[in-house]
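I opened this entry to go through the contact between two chains. My notes are kept in the order of looking things up.

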6 protein chains.
Amino acid sequence: MLRLMSADGHRLFQNDLLEATFGGGEANVAVSLANYGEDVAFVTALPQNEIGQAAINSMRSFGVDTSNILRLGDRVGIYFAEKGQSQRPSKVIYDRKLSSIATVDSHAFHWDEILDGAEWFHFTGITPALSDALKDSVRSACIAAKEKNICISCDLNYRKKLWSTQEAYRTMSELMQYVDVCIANEEDAEKVLGIKAHNSDVTNGVLSREGYQQVAKEIGQRYGCKAVAITLRTSISASDNNWAAMLYKDGNYYFSPSYHIHIWDRVGGGDSFGAGLIYGLYHQMPAQEVVDFATAASCLKHTIQGDFNRVSVEEVMLLMNGDGSGRVQR
Amino acid sequence: MLRLMSADGHRLFQNDLLEATFGGGEANVAVSLANYGEDVAFVTALPQNEIGQAAINSMRSFGVDTSNILRLGDRVGIYFAEKGQSQRPSKVIYDRKLSSIATVDSHAFHWDEILDGAEWFHFTGITPALSDALKDSVRSACIAAKEKNICISCDLNYRKKLWSTQEAYRTMSELMQYVDVCIANEEDAEKVLGIKAHNSDVTNGVLSREGYQQVAKEIGQRYGCKAVAITLRTSISASDNNWAAMLYKDGNYYFSPSYHIHIWDRVGGGDSFGAGLIYGLYHQMPAQEVVDFATAASCLKHTIQGDFNRVSVEEVMLLMNGDGSGRVQR
Amino acid sequence: MLRLMSADGHRLFQNDLLEATFGGGEANVAVSLANYGEDVAFVTALPQNEIGQAAINSMRSFGVDTSNILRLGDRVGIYFAEKGQSQRPSKVIYDRKLSSIATVDSHAFHWDEILDGAEWFHFTGITPALSDALKDSVRSACIAAKEKNICISCDLNYRKKLWSTQEAYRTMSELMQYVDVCIANEEDAEKVLGIKAHNSDVTNGVLSREGYQQVAKEIGQRYGCKAVAITLRTSISASDNNWAAMLYKDGNYYFSPSYHIHIWDRVGGGDSFGAGLIYGLYHQMPAQEVVDFATAASCLKHTIQGDFNRVSVEEVMLLMNGDGSGRVQR
Amino acid sequence: MLRLMSADGHRLFQNDLLEATFGGGEANVAVSLANYGEDVAFVTALPQNEIGQAAINSMRSFGVDTSNILRLGDRVGIYFAEKGQSQRPSKVIYDRKLSSIATVDSHAFHWDEILDGAEWFHFTGITPALSDALKDSVRSACIAAKEKNICISCDLNYRKKLWSTQEAYRTMSELMQYVDVCIANEEDAEKVLGIKAHNSDVTNGVLSREGYQQVAKEIGQRYGCKAVAITLRTSISASDNNWAAMLYKDGNYYFSPSYHIHIWDRVGGGDSFGAGLIYGLYHQMPAQEVVDFATAASCLKHTIQGDFNRVSVEEVMLLMNGDGSGRVQR
Amino acid sequence: MLRLMSADGHRLFQNDLLEATFGGGEANVAVSLANYGEDVAFVTALPQNEIGQAAINSMRSFGVDTSNILRLGDRVGIYFAEKGQSQRPSKVIYDRKLSSIATVDSHAFHWDEILDGAEWFHFTGITPALSDALKDSVRSACIAAKEKNICISCDLNYRKKLWSTQEAYRTMSELMQYVDVCIANEEDAEKVLGIKAHNSDVTNGVLSREGYQQVAKEIGQRYGCKAVAITLRTSISASDNNWAAMLYKDGNYYFSPSYHIHIWDRVGGGDSFGAGLIYGLYHQMPAQEVVDFATAASCLKHTIQGDFNRVSVEEVMLLMNGDGSGRVQR
Amino acid sequence: MLRLMSADGHRLFQNDLLEATFGGGEANVAVSLANYGEDVAFVTALPQNEIGQAAINSMRSFGVDTSNILRLGDRVGIYFAEKGQSQRPSKVIYDRKLSSIATVDSHAFHWDEILDGAEWFHFTGITPALSDALKDSVRSACIAAKEKNICISCDLNYRKKLWSTQEAYRTMSELMQYVDVCIANEEDAEKVLGIKAHNSDVTNGVLSREGYQQVAKEIGQRYGCKAVAITLRTSISASDNNWAAMLYKDGNYYFSPSYHIHIWDRVGGGDSFGAGLIYGLYHQMPAQEVVDFATAASCLKHTIQGDFNRVSVEEVMLLMNGDGSGRVQR
């Protein structure tokens with residue numbers, strides 16, 4: 001998607017500048033992994049015009065393989081973003097109807113070819129929410145991946161403006177059967193899968209470790225996931241959040257440390273966690289390291305402008321190994 | 001429309017800044033006239049969100065009455081713009097499907113009320129091109145205006161991406177019956193009304209005075225217009241244009257002087273001419289002054305960033321009366 | 001006033017950019033109320049040049065009625081502003097001598113006409129401090145308002161560079177007789193009216209609830225105000241403030257919750273409180289809601305660049321009803 | 001003066017950025033000469049605040065001696081500037097009433113000390129136009145300079161908003177008796193000294209060589225100047241000017257070549273000519289070289305943003321010696 | 001190289017912003033060809049730090065294959081650039097000593113592997129000028145290319161700050177034996193190969209068609225090139241150039257049309273010509289089309305900021321086929 | 001050095017803008033002292049090009065005497081900087097090989113003349129680390145200063161990328177014999193002089209008052225310093241630090257208050273402390289005031305963009321005397 005953010009911390013249209021970058025759930029994960037040195041391909045549809053090309057160029061600059069992107073349709077989906085500050089929340093206004101990806105037909109992507117040679121397939125709950133054709137296409141992708149023994153990860157990523165909880169439940173319940181690694185926050189689990197963390201009230205920042213354990217376990221058991229990760233955000237204000245995560249794997253619960261983050265740009269935080277998790281699991285890090293790496297990675301994302309997590313493995317490792325002091329690196 | 005232009009003379013997406021302003025055919029005319037001190041109302045539909053509000057605020061800042069604007073629908077139409085330079089043409093990419101105005105129904109505007117007390121009604125050929133409902137609505141507006149004895153002006157403004165010449169002809173031929181003042185360029189007249197200037201080849205910059213006279217006369221006679229104005233642009237390059245106009249009125253032809261313009265921003269040039277023409281006719285200037293005022297006004301527009309012509313009557317008069325020397329005004 | 005703020009968090013003139021916007025006590029209140037959907041007119045004097053026009057355009061963009069603004073005099077008052085950070089305080093340098101408003105004569109404004117049909121009249125202590133003519137004019141306005149049964153509110157807003165405490169006392173004591181709703185901070189009450197909060201030391205951040213109650217009560221009783229509101233700021237640093245307020249009405253004291261604000265731009269905070277208070281009182285909210293609305297509104301102002309509080313009633317309500325978590329609004 | 005120019009080629013207040021730099025007649029000459037490696041001191045009065053300090057810092061950065069600048073008064077004079085383009089003229093709006101320099105008393109500057117050791121004294125007609133005290137002070141400076149045998153140059157620089165032609169004539173006629181080197185354009189000579197170039201019509205761009213010769217000769221003879229220089233501008237548009245000059249010295253006339261300039265920023269063009277002339281005369285270049293150097297210097301100024309001519313002697317020499325081809329200097 | 005250009009048309013360090021992009025002879029050619037849809041790899045050495053990575057990302061965004069770039073050494077070469085205007089020439093200040101590429105040893109690149117499967121090898125005279133090791137390495141590349149029957153093109157690109165004409169002659173004379181396609185301007189031919197166009201004086205803009213024919217023929221005959229292209233620039237000023245080219249092929253001379261260009265950014269103009277030439281020859285266009293395509297491509301480059309020619313084949317074709325009118329593309 | 005910082009809080013090269021300013025250890029101290037009204041000269045070597053000149057202009061703007069700066073060599077050293085945020089540390093990438101100062105020979109500076117009339121000589125440990133010639137030159141400077149009875153201060157400022165601890169120890173141990181006032185942080189003392197604070201672990205933020213006392217005392221005794229100052233930084237994150245200092249003088253220990261700083265730009269913090277210390281000692285403030293002044297000064301530096309501490313004595317005094325509340329200064 002084309003992300004148009006008001007510049008200079010202004011409210012949208014307070015002055016006449018918009019910062020134009022690109023982003024979106026799966027794209028953010030792809031860029032993160034490319035920054036970690038992985039071979040990643042991003043699959044979507046973009047129009048045959050300068051805006052579609054700019055989206056591709058943006059992904060390519062990080063080394064993401066864009067050769068599977070279809071060039072068709074009329075427009076790139078847009079979202080307008082405004083950074084929050086203190087008690088004023090960040091704001092996102094979607095303008096993505098009729099986007100190329102939302103108008104592809106269900107056979108547009110030849111998953112058998114696309115996934116040839118792949119070792120991991122990642123999708124988010126946003127994609128099937130965009131159209132019925134995409135529901136079908138994601139299902140096809142999952143089936144193709146399963147046949148090829150490709151590990152499948154899914155970030156539930158519930159968006160209330162795209163579909164109802166009922167529709168989300170119906171679709172995602174089915175897709176979850178293919179998913180090996182599930183990523184969720186407490187809201188997703190409840191809204192999409194109907195699994196609620198006990199004693200949790202997000203707005204008030206009351207988060208219960210036990211609740212999360214129970215949610216993760218239930219997801220894991222119900223859908224047969226090998227790993228379930230849940231991010232734990234406590235919003236103190238738009239400027240200050242606590243951020244941690246839990247990984248449920250092989251019957252055990254692994255909690256990351258909690259970071260008190262002074263936020264620069266919070267959008268894409270969840271995606272950067274997903275990418276860190278995939279990186280850790282793919283490289284077979286011990287479970288504790290996996291959740292630590294993913295959490296440190298996404299902690300850093302909150303300090304970076306734009307959807308993309310512009311950090312290296314070394315930078316994540318530095319933080320993960322305990323240096324959050326922010327001393328100058330010379 | 002929301003106009004997103006690449007900043008700093010860059011190509012689109014060359015850097016990450018877009019200049020976000022508002023504009024569009026009739027809006028540009030409204031702002032011009034408000035800048036001349038006229039009471040103007042702009043009628044359209046805009047969504048009930050921050051982007052729609054910003055469009056309204058932009059118009060209000062010039063004193064345009066926005067109280068008749070409907071707040072409904074999903075999105076503000078967008079166009080991406082890139083300034084040309086020398087042999088590189090300016091580029092405009094439209095993204096206006098599903099805009100609020102394109103999705104209104106044919107009875108959305110209550111023209112009888114809206115036009116109550118008005119003395120002039122202006123529309124462009126872009127509006128009926130957007131939807132069948134708008135074709136109906138514009139017709140209703142014309143009928144209501146005629147009943148109230150309101151002067152009607154129309155800028156043909158053919159846009160090939162919106163409709164075919166056939167569809168344009170069918171619609172505009174009918175609407176032209178209500179039009180008192182017609183504004184066109186040589187391309188519009190040919191594409192919309194099928195009236196071609198003899199011996200004119202726009203791309204090659206060959207423009208014939210006689211051809212224009214013939215076109216204007218034919219429009220006037222065929223549709224019974226009181227006045228027909230034709231703009232005469234010679235594109236030397238994206239940076240340099242010659243610009244003049246002709247007014248056909250009461251059987252006579254009035255040619256403005258021709259300006260050699262070093263262009264800053266060419267979009268909205270035609271609209272600024274239309275506004276100047278309306279101003280002159282409304283204030284019953286002599287015909288030669290009318291075309292001189294309109295041409296000087298639009299000459300100045302080419303030197304101003306954005307769709308809107310940010311000039312006063314005094315500034316237009318200064319140029320119209322012969323001072324194009326550009327000496328510093330202290 | 002024209003507000004020229006150093007860009008990018010720089011000290012003044014550290015680089016060569018100034019952010020030029022408009023603002024000032026009463027203007028800020030007017031814009032806030034217009035943003036809440038109220039019909040508001042702003043009355044001042046501005047020169048007949050591009051700068052005066054830009055000030056008007058800025059107000060008009062929010063829908064403020066500017067038709068009563070006089071166009072005369074030589075200049076728009078200017079203030080240079082520099083944002084503070086941590087231990088470095090914000091800085092304001094005034095350059096407003098000879099401004100149009102400071103040079104009007106005492107009969108420039110025809111209050112009887114201007115206030116015709118109005119329901120509320122608001123002024124601040126800054127205006128009578130600018131000239132003797134304005135002292136007279138504000139008095140005339142109060143008298144005219146009283147005759148028309150218009151509610152009068154006044155924000156004391158003491159500015160030590162404009163007048164001495166003695167001169168302020170003399171003028172404001174008289175004007176306060178007309179005032180129905182008084183807005184003050186602890187410093188104003190002491191400096192302007194000679195009423196000191198016991199046990200309060202602003203610089204050290206020691207604020208006493210009892211002291212404020214006593215101050216409000218004394219103002220209310222001495223001048224017969226229907227309502228007295230006092231803002232309670234605790235400056236931890238230029239970046240962090242606690243912000244709350246108290247409303248004294250019908251013999252009772254209503255305290256808002258206290259917000260810990262991470263500040264973006266603090267100038268205009270008091271004015272945004274005044275506007276929120278007027279909104280609440282005008283719409284006859286219960287007293288507790290009034291002070292809660294006003295405090296939440298001004299809390300949000302601290303997160304927004306510029307003098308104006310660019311928020312809607314909905315956004316204030318959201319915060320007032322308890323969601324200060326800053327979670328992204330999608 | 002503080003110069004506030006609209007950024008990005010916009011009209012004033014079209015967006016919210018102003019480019020804040022410093023400039024003004026004599027300051028511009030001082031900076032030019034400092035850039036040529038001369039020891040120069042600039043004498044003025046500036047307020048004891050951040051704005052006055054910034055003005056000093058700006059001059060100091062070029063190596064101008066600012067130790068004689070008085071720190072007193074209330075404000076720095078301001079001018080708002082807007083760049084012209086094509087047929088739209090540049091615009092300058094002065095806001096310099098009550099500036100520190102305009103409010104000094106006639107004995108504020110101790111010229112005897114200030115001029116101690118100096119070899120050249122330059123002033124413009126703007127300074128005595130600001131106040132009666134400055135008329136006296138400039139006269140005192142001239143007398144002190146004459147006693148010390150210091151060469152005196154004056155740029156007539158008529159500003160119609162500051163004084164009438166009558167007042168200018170009265171004052172400058174007297175001051176001209178001390179002047180060794182007079183700099184003027186055709187308008188100055190006529191407006192200030194009542195000496196009109198025959199057959200010259202500035203707005204129409206008709207310039208007569210003979211007329212200029214006659215004007216220079218008459219100035220030289222009437223006031224006993226050793227050298228009289230007249231700049232010859234032909235404004236084709238705000239973007240394109242022809243620029244040349246003539247020097248009358250020792251009874252001979254020396255014409256520079258004429259440059260066709262594509263203008264970037266025209267303000268300060270005359271001052272840069274004055275500085276080039278002083279440089280040439282002070283270094284006793286042959287008369288033809290003097291006018292060639294001064295004209296080339298000021299030609300380059302038109303290509304540079306801001307009042308100051310940021311060029312070196314080498315750069316002027318390169319152009320003066322005939323390379324105006326603009327080939328890249330690597 | 002890292003290109004640091006003063007922003008906003010300012011002189012270097014006039015304000016505190018530098019526009020940081022990447023460029024350089026061969027890189028520019030690579031990006032142009034990638035923009036035309038060709039598979040291109042760029043070979044160089046860059047340090048293992050954020051700056052080297054940014055250079056790679058910049059190339060990757062256009063789809064250039066960067067997998068052969070060595071990551072070693074200490075720094076990225078830098079050049080500071082300042083745009084000229086009218087009589088003020090553009091300025092380039094090199095700071096490229098100790099750059100990674102300048103410090104590689106002669107065996108750093110394994111040309112046999114790198115060129116495997118390639119069809120074209122392009123280099124410029126800048127590379128062997130950087131070090132003796134690079135002289136050796138380029139020779140090795142040419143030998144390897146010849147063995148693989150790869151077409152070799154060379155842009156002479158003489159840089160006087162890098163080597164003397166003697167050293168250039170010695171090196172390039174040898175390398176030219178391998179070259180199939182030679183690109184030069186009149187200065188290169190003379191300075192590098194000692195072949196002077198008769199009757200040509202570049203600074204004065206006197207260019208002789210016959211002289212160019214003779215130079216091209218002599219190059220072709222002396223070194224056995226299949227094609228020799230010479231660009232013909234007439235610098236009217238830094239803002240206005242005439243630009244054309246001649247191709248000598250199979251004993252015939254093909255002249256492109258001449259473009260009068262209003263320049264936006266002239267750096268990289270020659271490289272964009274080279275890329276256009278390679279594109280045309282590689283796709284076996286007729287010789288006249290080859291030179292027309294290359295000239296139109298580089299004409300467009302002059303209108304684009306930065307070293308890279310951000311145009312598509314379609315855009316070049318549009319201009320090449322005669323539409324230089326700059327009319328808006330909607 | 002030329003400091004190139006990514007703009008807008010971005011990571012380096014995230015967008016195409018770099019903020020170009022100047023700075024560096026001794027330069028920062030010089031500017032601070034000039035801002036306090038002291039006569040300061042800065043001694044270095046800079047190339048004879050626009051970049052060297054810009055460095056000089058930058059220093060001159062603050063009133064620093066630059067007449068002793070040598071103009072020779074090839075380049076200005078560069079450092080790229082990226083601001084940290086929260087858990088993401090600030091990053092500095094040096095590119096200073098071959099800088100003019102690093103390539104001067106050991107007799108380039110004539111210290112006897114340069115120090116003539118001086119009362120204080122300050123250097124940092126960075127300078128001798130750059131080359132052997134500079135080791136010699138600094139020693140010569142110290143000897144010359146000692147002979148002239150000039151007070152010598154040294155900020156140890158260890159940079160691990162410039163030299164090993166062994167080389168630093170060898171050089172600095174000798175130079176320290178001349179030093180009257182030593183400035184260090186806990187890391188410097190250990191790395192350069194081999195003196196370790198007991199019980200201190202910087203990364204973990206554990207700082208022991210006793211440890212610092214012991215370190216300072218040992219430095220003082222070993223090298224005969226009259227005063228030893230140690231800064232005490234606790235990095236909570238890149239955004240939040242605690243900052244304090246201790247002065248050891250005449251056998252006593254003076255601790256400043258500790259500031260909790262919300263950081264804007266941390267680079268140059270140590271230098272601003274050094275300048276404050278020199279100011280206090282030079283003006284013979286009581287020891288407690290000296291350390292309080294220096295700490296308050298450097299606290300403010302952390303709130304200011306760029307290497308230079310742009311504050312006045314009055315501003316430091318205001319904070320030092322207890323007003324860190326950040327209330328607006330009107």
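The entries below cover the interface of chain B and chain A in what is a predicted model.

Entry 1, extent. I looked up the contacts and found 23 residues of chain B touching 23 residues of chain A. The area buried between the two chains comes to about 2,100 Å², and carbon and sulfur atoms give 70% of that area. I then asked which three residues supply the most of the area that chain B buries against chain A. They are B:Phe13, B:Asp16 and B:Glu50, with 25%.

Entry 2, charges and polar pairs. I counted 6 salt bridges across the interface by the rule. I noted B:Asp95 with A:Arg75, a salt bridge whose closest N and O atoms lie 2.6 Å apart. For polar contacts, I have 9 residue pairs between chain B and chain A, with both residues at pLDDT 80 or more.

Entry 3, elements on the chain B side. I listed the elements that each supply at least two residues to the side touching chain A: strands S1 (2-6), S2 (17-22), S5 (78-82) and S6 (91-95), and helix H2 (50-61). S2(B) gives the most, with 6 residues. Sorted by class, this side of chain B holds 13 nonpolar, 8 charged and 2 polar residues.

Entry 4, strand pairing. Which strand of chain A pairs with S2(B), and in what sense? I found strand S2 of chain A, residues 17-22, pairing with S2(B) in the antiparallel sense over 3 bridges. I also looked up A:Leu18, and its bridge partner in S2(B) is B:Leu18.

Key:
Residues are numbered from 1 along each chain as its sequence is written. Chains are lettered from A and ligands numbered from 1 in the order in which they are written. This is a predicted model: local features need pLDDT of at least 70, side-chain atom pairs count only at pLDDT 80 or more; totals for chains, interfaces and linings use all residues. Side-chain values use heavy atoms; hydrogens and water are left out. Contact means heavy atoms within 4.5 Å. Buried area is the accessible area (1.4 Å probe) that two parts lose on being put together, summed over both. A salt bridge is a side-chain nitrogen of Lys or Arg within 4 Å of a carboxyl oxygen of Asp or Glu. A polar contact is a pair of N or O atoms within 3.5 Å; within protein, one must be able to donate a hydrogen and the other to accept it, and residues adjacent in sequence count only if both atoms are side-chain atoms. Ala, Val, Leu, Ile, Met, Phe, Trp, Tyr, Cys and Pro count as nonpolar, Asp, Glu, Lys and Arg as charged, and the others, Gly among them, as polar. Two strands pair if DSSP finds at least two bridges between them.
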